Amino acid sequence: MRAPRRVLQVAALLVVLVAVPSPLFDLDRFQVPKELVLHVAAFGAATLALGGVRRIPLATTDLLLIGFGVLTALSTITAPNPWLAVRATGVTWAGLALFWVARALARGGLARPLLAVVAAASVAGAGTALLQAYGVELPLTSSRRMPGGAFGNRNFMAHATAIALPVIIYLAIESRARAAPVLGAVAIAISSAALLLSRSRAAWLAVAAGLTILLVEGIGVSGLWRDGAIRRRLSTLAASAALAITAALAVPNALSWRSDMPYLETLVGVANYREGSGRGRLIQYENTLRMVRDAPLLGVGAGNWAVEYPRYTTPGDPAYDATDPIPTNPWPSSDWVGIVAERGVPALLLLVAAGAAMAIVGWRRSRQKGRSPEGLAGLAMIATIVVTVVAGAFDAVMLLATPTFFAWTILGALHPPPREQLAIQRPALISKLRAGALGAGLLFGVLAAAQTVSIALAGDGSSLRRVRWAAAVDPGSFRLDLHLAGRSRGCAARIPYAQRAHALYPNHAEPRRMLRRCGVPVPPLRRAPR
């Protein structure tokens, strides 16, 4: 199992740091290369891990997760945009593969070195955000949504940092290494400062919820504070976080906030749902849940929220900008609302049940094992689930590559050996699973690689020749087809690209306008009834 562990360790750093230069793609130039790393690592490690396996035990959690993954794959059947559906399905199955590989590593006693690298990768990502916040120019970073650092977006950075925070605390208080308290204090300081400067409400709420679990279960129930060594380490971590937050507030930075007191304003408005982004989220949730009414079983298709949302938007909806050629974000502002709309009610119920089963396992382990390493692992597992659930309630988190890598790897590495419900023991079936993992890695990896090459090839979009080549490499890119349609001279050249864009996003207004200007009849938009 050492080879799969090394694959995941290398990937943990790459899934944070990789990006490609292309101003035309503000988000995907970060997300798509990270998805490529996710697929290669998850399915590659799974293929390696299955090579020496003779028996695969399955618990209730596994069966629930398999059901969720199957329904996600089935939802692609109803998807109007199959490219997006396959992309979203790949991210989901890669996350599940990471969970199972990390759990197998934990059974082999290899969890701690894997978790240490994941924690280090999280701190490295937060560190790039801090450098950007204080004016250091880094290659491939984005000046929009600062300080995003290697993530290109401050919210994405904050989500990944928040998810890794419980395991950083766990390693700092559980490790016997002499350097653990110092390394933990440094990691907490960097993470705390980056989280503060991000002004990400979802991340702040998630961290608050996770810390509450640690305080109530860890200190209140398990009695961590009564252990002198743990008490000293917790005090060091708390002091480090306080000093980092104080320094971040005091030291001038390069962030151009409009408010004179931006962090206080964010803190005061963290739960404000009557105005601003809070009200916008509620409107988006209400409109998105109408999709569930129309497609309750399999949803509108994995990854296809943005394709269908124009049919469900209402006047005054901040999530929809009719003047923008791409009027919505690629993802909804909630994992859970997005999953139920895209993949259906049964898929969400299976995922919730799997999360609840893992939380119960962690809770029992924490209560039974107390201050032992196993008890601390259970406590960290509960906190990780809580942080992920809360962050995902207010933003797209587990729909993205890096948080998917962090959360599923951490949960798998912290999960104890499962209570077996059934087992796969037939060598022929295990060989087929290994072939399936390899095939999935090739499918999703090749698609992500093609998208990555296409994004890099398109550059800033000024060279139409390069953009045409990029569109040929990635025929599922709505942005490239729309760009070519807008830059092409004459209807004869414009129509083919506008038709391709319309086929990918049939409810978006800009391709429809282009086709109508060229005399191509387009059916009127069918708005969903309220």
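Let me start with C518, which at 17% relative accessibility counts as buried, where buried means under 20% relative accessible area, exposed means over 50%, and partly exposed is what falls in between, with a 1.4 Å probe and protein chains only. C491, by contrast, counts as partly exposed at 30% relative accessibility. These two cysteines form a disulfide, with their sulfur atoms 2.2 Å apart, and the rule applied here takes a disulfide as a pair of cysteine sulfur atoms within 2.5 Å. By this rule the count comes to one disulfide. C491 lies in helix 20, residues 491–504, and C518 in the segment after helix 21, residues 509–517, so the pair ties together parts that are 27 residues apart in sequence. The torsion about the S-S bond of C491 and C518 is about -85°, so the disulfide is left-handed.

Before going on, I should say that this is a predicted model, in which local features need pLDDT of at least 70 and side-chain atom pairs count only at pLDDT 80 or more, while totals for chains, interfaces and linings use all residues. Residues are numbered from 1 along each chain as its sequence is written, and side-chain values use heavy atoms, with hydrogens and water left out.

Now to the protein as a whole. Its secondary structure comes to 21 helices and two strands, and these are DSSP runs numbered from the N terminus, with helices being H or I of at least four residues and strands being E of at least two. The radius of gyration is 23 Å, close to the 24 Å that the globule rule gives for 530 residues, so the protein is as compact as a globular protein of that length; the radius is taken over C-alpha atoms, and the rule is 2.2 Å times the number of residues to the power 0.38. Taken along the principal axes, the C-alpha atoms fill a box of roughly 80 × 65 × 45 Å. Of the 530 residues, 57% are buried. If we take contacts between residues at least 6 apart in sequence, 76% of them join residues at least 24 apart, a contact meaning heavy atoms within 4.5 Å.

Let us turn to the loop between helix 5 and helix 6, where several residues deserve a careful look. Which residues does a cis peptide bond join? The bond joins M146 and P147, and its omega is about -5°; P147 itself lies in this loop. In the same stretch we find L140, also in the loop between helix 5 and helix 6, whose phi is near 75°, a positive value in a residue other than glycine. Both features can be set against a general background, which is that most residues other than glycine have a negative phi, and most peptide bonds are trans. L140 is partly exposed, with a relative accessible area of 33%. N153 is found in this loop as well, which runs between helix 5 (111–133) and helix 6 (154–174), and at 7% relative accessibility N153 counts as buried. Not counting residues up to four places away in sequence, N153 touches L27, R145 and G148.

A positive phi also appears at R199, where the value is near 55°. R199 sits in the loop between helix 7 (180–198) and helix 8 (201–221), and R199 is buried, with a relative accessible area of 13%.

Is G316 buried or exposed? G316 is exposed, with a relative accessible area of 57%, and its place is in the loop between helix 12 (305–308) and helix 13 (335–343). Leaving aside neighbours within four places in sequence, G316 is in contact with R279 and I283. The C-alpha atoms of G316 and G280 are separated by 9.2 Å, with their positions 36 residues apart along the chain.

I will finish inside two helices. T61 is placed in helix 3, residues 60–75, and counts as buried at 5% relative accessibility; beyond its neighbours within four places in sequence, T61 is in contact with A354, A357 and M358. A470 lies in helix 18, residues 464–473, and is buried, with a relative accessible area of 0%. Apart from residues up to four places away in sequence, A470 touches S454, L457, A458 and L480. A470 and A413, however, are 39 Å apart in space, C-alpha to C-alpha, and 57 residues apart in sequence.
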